[in-house]
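Colleague: I should be grateful for a close look at a single part of this chain. Please take one residue, describe its surroundings, and then relate it to the element that precedes it.

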Amino acid sequence: MSSEKPNAAAFWQTKSLPDMTPQEWESLCDGCGKCCLHKLLDERDDLPEDAPMQLGEDLHYTHVACKLLNTEQGGCRHYPIRHRFVPGCVQLTADDLDSIHYMPPSCAYRRLHEGRGLPSWHPLLHDGSRAAMEAAGMAVTGYPVTSDERDEPSEATIVTWPLHDCD
């Protein structure tokens with residue numbers, strides 16, 4: 001990954017999300033790890049327990065992360081084969097864009113879908129470096145996070161920092 005020249009239009013500025021190549025799509029993920037945090041959804045009496053989150057429902061992030069998340073360096077320990085270990089792991093595709101509201105506000109896919117563009121700290125804008133992202137507090141590596149093998153998500157584990165977004 002390399003920085004784009006100031007006058008060169010980057011693929012995320014010229015293509016819609018569904019028109020991106022698989023490599024372009026994957027490169028949008030900044031590796032922040034926020035989507036790897038367990039979330040709690042307020043009780044819903046009118047929907048089955050396994051029903052997807054609906055727009056307007058309250059989703060609460062916890063400091064409990066998937067067992068595959070490398071909480072010290074960020075990123076999934078087994079990303080290409082993660083579904084072997086965690087069958088319910090997110091597999092975000094262009095078909096999911098209408099329900100992307102469950103992703104954190106800082107997520108590049110969500111930001112682009114909402115017409116907000118990439119944030120100034122995104123690794124694509126920094127030759128692939130995570131330093132600006134971590135300095136902006138946008139990666140789970142800057143916060144105390146526990147593995148789901150040691151902690152169970154509950155109201156006591158709810159945190160608000162994953163909802164932080166900037167520029």
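**A histidine and the helix before it**

Modeller: Setting aside residues up to four places away in sequence, His122 touches Ser27, Leu28, Cys29, Asp30 and Ala108. The model is a predicted one, with a mean pLDDT of 87 over the chain and 89% of the residues at 70 or more. His122 itself belongs to the loop that joins helix H4 (108-113) to helix H5 (131-135). Is this loop residue buried or exposed? His122 has a relative accessible area of 1%; because buried means under 20%, His122 counts as buried. Its side chain also has a polar partner: one of its polar atoms lies 3.0 Å from the backbone nitrogen of Leu124.

The preceding element may be examined through Arg110, which is placed in helix H4. Arg110 has a relative accessible area of 16%, so this residue is buried too. Two polar partners can be named for its side chain. The side chain of Glu114 makes a polar contact with that of Arg110 at 2.9 Å, and the backbone oxygen of His101 lies 3.4 Å from a polar atom of the Arg110 side chain. His101 appears again among the residues in contact with Arg110 beyond four places in sequence, together with Ile100, Met103, Pro104 and Pro105.

One part of the chain calls for caution: over residues 1-5 pLDDT stays under 50. The model has 12 contacts beyond four places in sequence for that stretch.

Note on methods
Residues numbered from 1 in each chain as written. Predicted model: local features only at pLDDT ≥ 70, side-chain atom pairs only at ≥ 80, totals over all residues. Heavy atoms only, no water. Helix = DSSP H or I, 4+ residues; strand = E, 2+ residues; numbered from the N terminus. Buried < 20%, exposed > 50% of the residue type's maximum accessible area, 1.4 Å probe, protein only. Polar contact = N/O pair within 3.5 Å; in protein donor to acceptor, adjacent residues only side chain to side chain. Contact = heavy atoms within 4.5 Å. pLDDT = per-residue confidence, 0-100.
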